[in-house]
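Work through the exercises below with the model open. Each task is followed by a worked solution.

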Amino acid sequence: MDFPFPIRKIIHVDMDAFYASVEQHDNPALKGKAIAVGGGHRGVVSAASYEARKFGVRSAMPSKTAKEKCPHLIFVPPRFPRYKEISRKIREIFYEYTDLVEPLSLDEAYLDVTENKKGIESANQIAKEIRQKIFNETGLTASAGISVNKFLAKVASDINKPNGQKTIHPDKIEGFLEELPVEKFYGVGKVTANKMFSLGIYKGKDLKKRSIEDLTRMFGKSGAYYYNVVRGIHTSEVKPHRIQKSVAVERTFFEDLFDENQVNEKLENLSEELHTRLQKNNILGRTLTLKIKYKDFSLFTRSITKEEYFSSAEQYLKTGKKLWELRPFDKPVRLLGLSLSQLNTEEKKLVSVQLKIPFKEFED
């Protein structure tokens, strides 16, 4: 297969059921049991163990639904400081091999190891070493995908989960993508997959038959993306300095809020928490957004943008109250959130130079 782009060695590392696995590791009594992090009496599941997933429990699922699917499900409150602590350890391992690390979240990241600090030619070997070190230092397992670009590495990391890895060799990309079910393509969600099914597109080879004009007409701007990735074309580089675009805090309440005084109290708490988080990272922003989720799960958001940066908890609270007054409904409130965007981080963009060197060796 001829590549119209530089070939790189990209690894996508994805921790296995990260939050739930941390809880099972720290509390041996939970090992082998169906657990959900988050949820509880109200709220939604943040993460589910593999034992819970067998019953159909998934992240973002309402707690009530999760319990119906898995009556013996154990809910565990999240411990984000602990997850961040372990995430830092994992990233330190990544940086032993390369500085070209692009974290996507606490539990996954892309690594460009085309050139690496240890001079290891095999990306497959690097992935094995990283996964073993993660296990040795944290007791947790990770899966990995290895290929020539981020898209393929991301798809590959999901194939042998949990605690496995998959390399898509340059010579096997075309055949792999032609046989890949479209719902397995990164970036194709349930709605898009169902639309593709209705058009007779079930595998990559079906998608490949469609022209870029047809795909753009059917899927808008995403059409060009689908046209390219099914041909193994994805030129996005690993960006070690991702620019944070927003900071948000929100709370789901065990009891719905009806009273204005209750709302004001919660907004004050959220404002203080947002300010603390922003101060810690020396971040300012110009757009404040209020998020309201009602008891019936309907959602309302409204924003205000200022010419100057917001700079205090008092400003967040005052503006949050103004946005609250603009709400369209007087219904019981299930969730409140405040977020700040148009950040000063966008003024501090860092330019990274990424080496583009042909593969010397790319093992299966």
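Two strands count as paired if DSSP finds at least two bridges between them. The model used here is predicted.

**Exercise 1. Find how many bridges join β5 to β6, and in which direction the two strands run.**

Solution.
- Step 1. Locate strand β5 at residues 101–105.
- Step 2. Count its bridges to β6: there are 4, and the strands run antiparallel.
- Step 3. Check one pair: Ser 105 has Glu 108 in β6 as its bridge partner.
- Step 4. Look at the link: β5 and β6 make a hairpin, with 2 residues between them.

**Exercise 2. Find how β1 is joined to β6.**

Solution.
- Step 1. Count the bridges between β1 and β6: 5, again with an antiparallel run.
- Step 2. Check one position: Leu 111 in β6 has Ile 11 opposite.

**Exercise 3. Decide whether the residues of β6 are buried or exposed.**

Solution.
- Step 1. Apply the cut-off: buried means under 20% relative accessible area.
- Step 2. Sort the side chains. Glu 108, Tyr 110 and Asp 112 point one way, Ala 109 and Leu 111 the other way, and all are buried.
- Step 3. Conclude: 5 of the 5 residues of β6 are buried, so the strand is largely enclosed by the rest of the structure.

**Exercise 4. Describe the lining of the largest cavity.**

Solution.
- Step 1. Take its volume: about 60 Å³.
- Step 2. List lining residues, among them Val 13, Phe 94, Glu 108 and Ala 109.
- Step 3. Assign elements: β1, α4 and β6 each supply at least two residues. The largest share, 4 residues, comes from α4.
- Step 4. Sort by class: 6 nonpolar, 2 polar and 4 charged residues.

Methods
Residues numbered from 1 in each chain as written. Predicted model: local features only at pLDDT ≥ 70, side-chain atom pairs only at ≥ 80, totals over all residues. Heavy atoms only, no water. 1 Å grid on protein atoms, 1.4 Å probe; cavity = no way out; pocket = protein on both sides within 12 Å on 5 of 7 lines; lining within 4 Å. Points joined across faces, edges and corners; volume = space filled by probe spheres on them. Nonpolar A, V, L, I, M, F, W, Y, C, P; charged D, E, K, R; others polar. Buried < 20%, exposed > 50% of the residue type's maximum accessible area, 1.4 Å probe, protein only.
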